[in-house]
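Thanks for sending this one over. Here are my notes, set out point by point so that you can follow them with the model open beside you.

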Amino acid sequence: MTATQSETTELATRPDSGPLVTSQGTTTIADVVVQKIAGLATRAVTGVHDLGGGAARTLGALRERIPGASASAGQGVTVEVGEKQAAIDLQIVVEYGVPIAELARQVRRTVIGSIEQMTGLEVVEVNINVGDVHLPSEEEPQSGERVQ
């Protein structure tokens, strides 16, 4: 039995196919794209000081000192991307005094919204590992001043 043109179009654009698979072709999104979107969305949330573990943050700080280089937008972000869905793992450093549970909810909302809006992928989970708390630094004495 052969499918008519309208049946073929209907099958290719069914809601369960998702926005990335249409009768005109398929869109594939690389892991690094989702990783960068998640990293930038996470950094935009007030209360997130940084992303990544100690070693990743150290390498990022070194990278920022190299002329022309910049910190990786995907630092501290691991993703798994399928044809229709994505799963995200984040390692974050929070600012001292920020309620971590509320921060985690806000990060999840922001990351899920950004990825789903920009890519059309369904985000099935966002796992957050709080690896450190950034303490407010005391002001360093100015040169020439002595601590008494």
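1. What share of the 148 residues of the protein chain counts as buried? The figure is 27%. Please keep in mind that this is a predicted model.

2. A word on the overall layout. The protein chain has four helices and six strands, and from the N terminus on they follow the order α-β-β-α-β-α-β-β-α-β. If you take the contacts between residues at least 6 apart in sequence, 69% of them link residues at least 24 apart.

3. Next, have a look at the pairing of β5 and β6. Strand β5 covers residues 85-95 and strand β6 covers residues 122-134; they pair in the parallel sense, with eleven bridges. One pair to pick out is L90 and its bridge partner in β6, I128. Together with helix α4 (residues 100-119), β5 and β6 form a right-handed β-α-β unit.

4. Helix α4 is a good place for a length check. With 20 residues at 1.5 Å a residue, α4 should span 28 Å, and its end C-alpha atoms are indeed 28 Å apart, so the two values agree. Just after α4 comes G120, which has a positive phi of about 85°.

5. Which residues of α4 are buried? They are L103, A104, V107, T110, V111, I115 and T119. These residues lie on the same side of α4, because they cover an arc of only 135° around the axis. As a reminder, an α-helix has 3.6 residues a turn, so residues three or four places apart point the same way. The buried residues of α4 pack against α2, β3, β5 and β6.

6. Helix α2 deserves a similar reading. Its 13 residues should span 18 Å at 1.5 Å a residue, which agrees with the 18 Å between its end C-alpha atoms. The buried residues here are V34, I37, A38, G39, A41 and T42, and what covers them includes β3, β4, β5 and α4.

7. Now to the largest nonpolar core, which has 25 residues. Those that touch the most other members are V34, I88, L90, I92, V107, V111 and I115. Two or more residues of this core come from each of α2 (31-43), β3 (48-51), β4 (77-81), β5, α4 and β6.

8. L90 is worth selecting in your viewer. Apart from neighbours within four places in sequence, L90 is in contact with T42, L51, G76, V77, V107, V111, V126, N127, I128 and N129. Among these contacts is I128, the bridge partner of L90 in β6.

9. Is A38, in helix α2, buried or exposed? A38 has a relative accessible area of 0%, so it counts as buried, the cut-off being under 20%. Not counting residues up to four places away in sequence, A38 touches V77, I88, V111 and I115. The C-alpha atoms of A38 and G113 are 9.8 Å apart in space, with their positions 75 residues apart in sequence.

10. Finally, a loop residue. G74 sits in the loop between α3 (54-65) and β4. With a relative accessible area of 6%, G74 is buried. How far is the C-alpha atom of G74 from that of Q35? They are separated by 5.2 Å, although G74 and Q35 are 39 residues apart along the chain.

Notes: Residues numbered from 1 in each chain as written. Predicted model: local features only at pLDDT ≥ 70, side-chain atom pairs only at ≥ 80, totals over all residues. Heavy atoms only, no water. Pairing = 2+ DSSP bridges. Right-handed = clockwise from strand over helix to strand, strands pointing away. Core = buried A, V, L, I, M, F, W, Y, C linked by side-chain atoms within 4.5 Å. Buried < 20%, exposed > 50% of the residue type's maximum accessible area, 1.4 Å probe, protein only. Contact = heavy atoms within 4.5 Å. Expected span 1.5 Å × (residues − 1). Arc of directions from axis to C-beta.
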